[in-house]
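Here are a few exercises on how helices and strands sit against each other. Open the structure, try each task, then check the worked solution.

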Amino acid sequence: MMRLIGGEMPSWTEERPPVGGALYAYIADQVPAGASVFVAGPHDDALVDALHARTSVTCLLRSQTDATALEARGVEVVCGTIAKLADAEKYDVVLALDGLDRLCSVEGPQYDWAESLQALRRALRPGGMLLLAVENELGVHRLVDPSTPTSAQTDGAWRPLGEFDTKPGNPTRLAAKLSAEGLAVDWLGAAWPLPEAPTLIATPNALTDGPVDALAAAAAGAVGRAYADRSVLSDPRRLAAAAVRGGLGPEFAASWLVVAHRAPRPGIALALPPVLLGDAPVIEIAPDPDGGWVRRVVRPEPGRDLSALTGPLPAGRLLEELLLAACLRHDLPVIRRLLTGWVAALPGATADNVVVDHDAFMLLDPSVPAQPEVLRRFAQTLIGGVYTHPWPAAIDLGALTAILHGAAGLPTGVPAIPDDDFAAPDSRREHEEQIRALRRQLADAASRVQWYEAELDKRDGQLRKAHRQIAMFSGHLSYRVAKLGLKAAREARNRLRKGTT
Amino acid sequence: MHHANHFYGHAHVLAEYCGLDPEQPPRINGYLQHGWNVVDGLAPGTPYVPGRPIFVWSEQTRRRAWSMGRRQATVVGAPFLYLAALVDQPEVERKGTIWYPFHGWEGQHVKGSHRRLVDEIVETEPGPITFCLYWHEFRDDRVRAQYENAGRVICHGYRGFMWQDTDVRFLRNQLDELRRHERVASNRLSSAVMYGAAVGCAPAVYGDPMHLEHEDGPTADRIRRQWPELHGTHPDPAVARASALYELGDGYLASPGELRAMLGWSARQPAVMAT
């Protein structure tokens, strides 16, 4: 059934895809069966359908076209702008994983973040639960974005406030703003790589005091997959990993997911782990009683064996980061030790899926199938990222791969295969560096050509001189006399030899 | 690339280490440091062709080269260490001191009194002395005679010039002699002192350092300040050895496969014979 509350937008559809993904679907599944749930803003069909099967769902959409489609699937829809919402203290749960930016239509008052929050709070029963996502305007996804939200061109961005909105800028302020509205925070997680479909959500405690190296690697992997072949200002993998390693994971996350209840006490509670991970299956990471961290598959993926993912989380640093740091330090002994250990222990794992703890090499994600040409991929990381390394003269992929093979103790006869790019973020900063490197290589090549020309001139001069000497001697009278004498002597010798035999 | 790559048979040693014909080392795709120095690894006046690697002995030299604008330096370690790894001689009894009087080169002659230096050496050294002269001082009868009065005089060979007349056994001769002496000494810190320290001689640097025509005085002083552990008549051998090994790039030697790939000798780049 659809209720038109006013302010609805007929003949208009949302351009940006709705929020969704495996982790948000898993979290929505934790909402108790039978609860009355208000889903604010566009959410993924699968998520809504799953909720609809277990709970009593009402969705708010501003697009009448989208609302009609949703209604056709049997879901109750409220269509219009949030300012017209009059459902006071009606719901057990309010789900706003898309944030608060797409709740106002073009009609009527334009609520800022705080006003939209107040409207959603009013819809909650006392003790009711709010699941709210807040995009971080200073998240890595924003820092690497070549475009800016404040000059958005899409039809849905009629008020592109970006960082000028009133939304809080860090988890602490977010909790304070919620508290000011009578909403107490039960759980907060920082989400990577993108607000619309996170594949890693971790609590600030886990990001600062938990398995930081593994989470840095997971954050880098998450943004790496999200930004493969996408145009960015700089490589988000390095920013994400550096942020998490540096204790700034929550501050640079793409968004924050908060679970709060309307005071005074929670009527419903969600049991969420410190870390959730996955783009199809869902894995939780939690401390064990011994102080270590363990993984557990909480939602399997049909047809994929994930049994290797259950168990202790490997401790240690990501091989790729260790190798890059050793290359920047020109620490050849360490580079050789890492490369040799890597290809001996895990020859089919890429450097971004290997964790090194002292001399032990372990897979970060054992469910990833073996990959070919792992050293070549690392050579491409070095060249593509324009990292300084100990072999600066090896400027093509084949030459650097051959050296890495040698340094790893493998045969250096690397087959010449075409330079097909492995999917990686297409970074403008690296483009700048590549242009700078190419300019230098061109200048070097020009100098070399000059040097070769000078050498050629010199050798030509020597050759001309030698030719002149040869010509002079071959035409000279004394040379001719000596030649005749030599001929006579040779004939005399031959006659003598004939005479003696 | 440059004829200095063949000095002392360095290219030949590396070819042998890489499993290639030591008599015909392929052309090295860059510049090989041919002696210990306190600049960028290249000898003064080397006509550097931009973009080509400089294969230096130590990470410290690489850093120095970078600071001097040479971005293409790669650390490979000293060819002498590759040779020492190749030539596994049985230990022979070590006797006396091998002394390397500071030498000039073809274009720069050393100035100072050889006689006074010999007197100081004889006074300091406890055992028999072998004087090793650079080839052009060895061929100078007047200079050689001054040393012959005080001990045995040898020359490791001619280092070669423009790929001609290189004594490819130079380094082997030197390694063999060093392994027969207890001490290695010179009046200047040099490759020879470091080689000796690396293969078990107690090193010493003392005596009139003499000087070269047009030599930069502050550099010689800087060397004494930076490496005091290698100077004096009896520096601590263990500390001196560690310092010398660092300067020679111990721990940085590449495997034959990696070295072939670095020098442009791998199978994917067919070797071009040096002229």
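**Exercise 1. Work out how α1(A) passes α2(A): is the crossing left-handed or right-handed?**

Step 1: α1(A) passes α2(A) in a right-handed crossing (the near helix is turned clockwise from the far one by less than a right angle; anticlockwise would be left-handed). Helices here are DSSP runs of H or I with at least four residues, strands are E runs of at least two, and both are numbered from the N terminus.

Step 2: Helix α1 covers residues 22-29 of chain A and helix α2 residues 45-54 of chain A; they pack at about 10°, axes 10 Å apart. Axes are lines fitted to C-alpha atoms, for helices over the stretch in contact, and angles run from 0 to 180 degrees between N-to-C directions. So α1(A) is roughly parallel to α2(A) (under 35 degrees; over 145 is roughly antiparallel, 65 to 115 roughly perpendicular, the rest oblique).

Step 3: A:Y24, A:A25, A:A28 and A:D29 of α1(A) touch A:L47, A:A50, A:L51 and A:R54 of α2(A), where contact means heavy atoms within 4.5 Å. Sorted by type, that's six nonpolar, no polar and two charged (nonpolar: Ala, Val, Leu, Ile, Met, Phe, Trp, Tyr, Cys and Pro; charged: Asp, Glu, Lys and Arg; polar: the others, Gly among them).

A word on ground rules: this is a predicted model, where local features need pLDDT of at least 70, side-chain atom pairs count only at pLDDT 80 or more, and totals for chains, interfaces and linings use all residues. Residues are numbered from 1 along each chain as its sequence is written, chains are lettered from A and ligands numbered from 1 in the order in which they are written, and side-chain values use heavy atoms, leaving out hydrogens and water.

**Exercise 2. Find the angle at which α14 of chain A and α11 of chain B pack.**

Step 1: Helix α14 (residues 397-407) of chain A meets helix α11 (residues 256-263) of chain B at about 160°, with axes 7 Å apart. That makes α14(A) roughly antiparallel to α11(B).

Step 2: Their crossing is left-handed.

Step 3: A:A402, A:I403, A:G406 and A:A407 meet B:G257, B:E258, B:A261 and B:M262. The tally for this contact is five nonpolar, two polar and one charged.

**Exercise 3. Give the strand order of the open three-stranded sheet in chain B.**

Step 1: The order is β1-β2-β3, with parallel pairing (strands pair if DSSP finds at least two bridges between them).

Step 2: β1 (31-32) and β3 (73-75) are the edge strands, each pairing on one side only.

Step 3: Three bridges join β2 (residues 54-56) to β3(B), and B:V56 stands opposite B:V75.
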